Amino acid sequence: MPAQPEQQAAVPGTVVAVVLAWRGRIGLFKRGRHVGHDAGLWHCVTGFLEDGNHAHAQALLKLYEATGISVAELVDFRPGPVLDLPDARGNRWRAHTFRAGTERKKLRLSWEYDTYRWVRPRSVVRFDGQAPWLRAILGADRAFTI
């Protein structure tokens with residue numbers, strides 16, 4: 001018997017995902033070992049989309065919280081596609097993607113991240129321990145297609 005619409009896997013959450021660029025490189029951020037999700041994995045800047053917040057504003061807030069980069073320090077900020085991505089349990093997450101550019105190389109990381117690296121897009125494949133959805137986020141923007 002086919003599943004009724006209300007029985008189908010719901011989107012467990014909506015997130016923003018920001019790919020930060022500096023001089024043709026993208027920032028990869030290693031999640032801290034004390035975070036509850038994707039601990040120890042390479043990420044872009046991410047965060048839950050809080051109820052009532054607009055994705056654009058939430059992305060700018062998460063970028064500032066994660067890296068210390070303010071709106072004034074951005075040379076580019078644009079939305080990308082909205083993606084529905086599976087997690088390890090088969091749930092689908094809605095991700096509002098964004099691309100940001102800065103001229104600031106040195107970042108101030110929040111407690112959620114242990115370290116970061118500026119990487120050429122073609123070199124991303126060499127990084128072991130990536131979040132399983134990272135390539136889909138990077139591939140959503142042709143500038144970062146790997």
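**Reading the labels in a predicted model**

User: Which residues does T102 touch, not counting residues up to four places away in sequence?

Analyst: In this predicted model, T102 touches L20, A21, W22, I69, E73, V75 and W118, with residues up to four places away in sequence left out. T102 itself is in strand 6.

User: Why is T102 called buried?

Analyst: The relative accessibility of T102 is 1%. Buried means under 20%, so T102 counts as buried.

User: What makes the pairing of T102 with E73 a polar contact?

Analyst: The side chain of T102 reaches the backbone oxygen of E73 at 3.0 Å. The cut-off for a polar contact is 3.5 Å between N or O atoms, and 3.0 Å is within it, so the distance fits the term.

User: E73 also has a partner in R104. What makes that pair a salt bridge?

Analyst: The side chains of R104 and E73 meet at 2.9 Å, N to O. A salt bridge needs a side-chain nitrogen of Lys or Arg within 4 Å of a carboxyl oxygen of Asp or Glu; at 2.9 Å, the pair therefore qualifies. The pair links distant parts of the chain, 31 residues apart: R104 is in the loop between strand 6 and strand 7 (113-119), and E73 is in the loop between helix 1 and strand 5.

User: Are R104 and E73 buried or exposed, or in between?

Analyst: R104 has a relative accessible area of 22%, and E73 has a relative accessibility of 28%. Partly exposed is the class between buried, under 20%, and exposed, over 50%, so R104 is partly exposed and E73 is partly exposed.

User: How do you know that E65 and K62 form a salt bridge, and where do they lie?

Analyst: Their side chains meet at 3.0 Å, N to O, and the limit is 4 Å, so the pair counts as a salt bridge. Both residues lie in helix 1 (residues 55-67), 3 residues apart, which is about one turn of the helix.

User: Why do E65 and K62 get separate labels for accessibility?

Analyst: E65 has a relative accessible area of 36%, while K62 has a relative accessibility of 14%. The line for buried is drawn at 20%, so E65 is partly exposed and K62 is buried.

User: How many salt bridges are there in the whole structure?

Analyst: A search finds 5. Another one of them joins the side chains of R78 and D76 at 3.0 Å, N to O. R78 is partly exposed, because its 39% lies between the two cut-offs.

User: What makes W93 a contact of T14?

Analyst: T14 is in strand 1 (residues 14-22). Leaving aside its neighbours within four places in sequence, T14 is in contact with F48, L49, W93, R94 and H96. Contact requires heavy atoms within 4.5 Å. The 6.0 Å separation of T14 and W93 refers to their C-alpha atoms, and the two are 79 residues apart along the chain.

User: How much space lies in the largest pocket, and which residues are closest to its centre?

Analyst: About 530 Å³ lies in the largest pocket. V15, H37, D38, W93 and W133 are the closest to its centre among the 22 lining residues. The lining divides into 11 nonpolar, 4 polar and 7 charged residues. Strand 4 gives the most, with 3 residues.

Notes: Residues numbered from 1 in each chain as written. Predicted model: local features only at pLDDT ≥ 70, side-chain atom pairs only at ≥ 80, totals over all residues. Heavy atoms only, no water. Helix = DSSP H or I, 4+ residues; strand = E, 2+ residues; numbered from the N terminus. 1 Å grid on protein atoms, 1.4 Å probe; cavity = no way out; pocket = protein on both sides within 12 Å on 5 of 7 lines; lining within 4 Å. Points joined across faces, edges and corners; volume = space filled by probe spheres on them. Nonpolar A, V, L, I, M, F, W, Y, C, P; charged D, E, K, R; others polar. Buried < 20%, exposed > 50% of the residue type's maximum accessible area, 1.4 Å probe, protein only. Polar contact = N/O pair within 3.5 Å; in protein donor to acceptor, adjacent residues only side chain to side chain.
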